[in-house]
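Colleague: I'm new to this one. Could you take me on a close look at a single part, the place where the ligand sits?

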Amino acid sequence: MDQAQRLRQLVERKKQELQQKRFKVITVSSGKGGVGKTSFVVNFATALSKRGLKVCVLDADFGMANVDIMFGCMSKFSIIDVLEGNKSIDEIILKTIDGVEIMPGGSGLSKIYTIDEDKKNQIISQFDKLNDYDILIIDTGAGASENVLKFIEIADEVIVITNSEPTALTDAYSLIKIIYLNNLNSNINIVVNRAKNNQDAEETFNKICYTVKTFIGKNIKYLGYIVEDIKIGQAIKKQTPYVLEHPNTEFTLCINKIVAKIMGIEENNKSKYTSFRDYITKLFKAVGK
Ligand SMILES: Nc1ncnc2c1ncn2[C@@H]1O[C@H](COP(=O)(O)OP(=O)(O)O)[C@@H](O)[C@H]1O
Ligand SMILES: [Mg+2]
């Protein structure tokens, strides 16, 4: 092959790469429970969907799953039914009124250990039908359980939610320490929830940033903050995403700023995945390890 041919081939490959649809995966986690992961996920997903992205939320807080409830729809089935062969993947997905789709995680992924390779491949190939999603957001349980760490390890971006309470900060630090010491993922972003204002949030971020830098020698990114808003509780009771009901509040502005920032990061950092199938293949491998 001469140089001109090689160059043509290179250009062709680059063109194909550019045309190839990317699929982004963001895992949302926290050290301590009850800091606002699910409230964030529901509103973040809704805001991304309003920007025209096709969003899927995987509810991976096994045992405490409540994404569906916050969206006002109840799931009867979960990924467990798919793993057991009773349902197909499109039968378990819930569609919310504002376009976000939910994949209920059920009671965990441990069922994967009992499935043979043929069955696994058959399930993975079902994900070919889901190739119009742009982004997957995973709501995990709190703490550094093995399951949560798998979702963190294979994500494009990790968002760790904390508030300003010393217990939440200490637990967030412990989770971040485990992520770094095990080289799981270096794209860690902090969101400070229930802040009084911008300055209050930055003070909270600086505390955790300083601790991580001093004791682990790493830099973490500040993705933004969300203000304390009493109406969040009311939105949960009403089972409607807050940002839909209150588009002009400070809370919604905070969420929109985070959306803009993450979309910027997404453009710069290339995703690890080309499709949902690609991600699920990796997840099955990671869980089966
Ligand atoms: N920004 C906020 N302002 C006021 N209350 C909040 C805020 N974020 C979360 N909450 C409240 O905190 C509680 C726990 O939130 P949740 O999203 O379920 O946390 P997690 O998923 O981390 O367990 C909920 O009752 C919710 O109303
Ligand atoms: Mg939750």
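Modeller: Ligand 1 takes up the space of the second largest pocket. Keep in mind that this is a predicted model. Four elements each give two or more residues to the shell around ligand 1: the helices α2 (37-50) and α10 (231-238), plus the strands β7 (188-195) and β8 (221-227). There are 17 residues around the ligand, and K37, T38, S39, N193 and D229 come nearest. By character, the shell splits into seven nonpolar, six polar and four charged residues.

Now for some of the contacts themselves. T38 puts a polar side-chain atom 2.9 Å from an oxygen atom of ligand 1. N193 also uses a polar side-chain atom, but its partner is a nitrogen atom of ligand 1, 2.9 Å away. With D229 it's a backbone N or O atom that lies 2.9 Å from a nitrogen atom of the ligand. On its own, ligand 1 has 570 Å² of accessible area, and the protein covers 80% of that.

While you're looking at α2, follow that helix to F40 and F44. They are four residues apart in helix α2, so about one helical turn separates them. A pair of aromatic rings is described by the distance of the centres and the angle of the planes. The count for this model comes to eight aromatic pairs. For F40 and F44, the ring centres are 4.8 Å apart and the planes sit at 15 degrees; planes under 30 degrees apart count as stacked, so this pair is stacked.

Key
Residues numbered from 1 in each chain as written. Chains lettered and ligands numbered in written order. Predicted model: local features only at pLDDT ≥ 70, side-chain atom pairs only at ≥ 80, totals over all residues. Heavy atoms only, no water. Near = heavy atom within 4 Å. Polar contact = N/O pair within 3.5 Å; in protein donor to acceptor, adjacent residues only side chain to side chain. Areas by Shrake-Rupley, 256 points an atom, 1.4 Å probe, with all protein chains shown as cover. 1 Å grid on protein atoms, 1.4 Å probe; cavity = no way out; pocket = protein on both sides within 12 Å on 5 of 7 lines; lining within 4 Å. Sits in = over half its atoms within 2 Å of the grid points. Nonpolar A, V, L, I, M, F, W, Y, C, P; charged D, E, K, R; others polar. Phe/Tyr/Trp six-rings, centres within 6.5 Å; stacked < 30°, edge-to-face > 60°.
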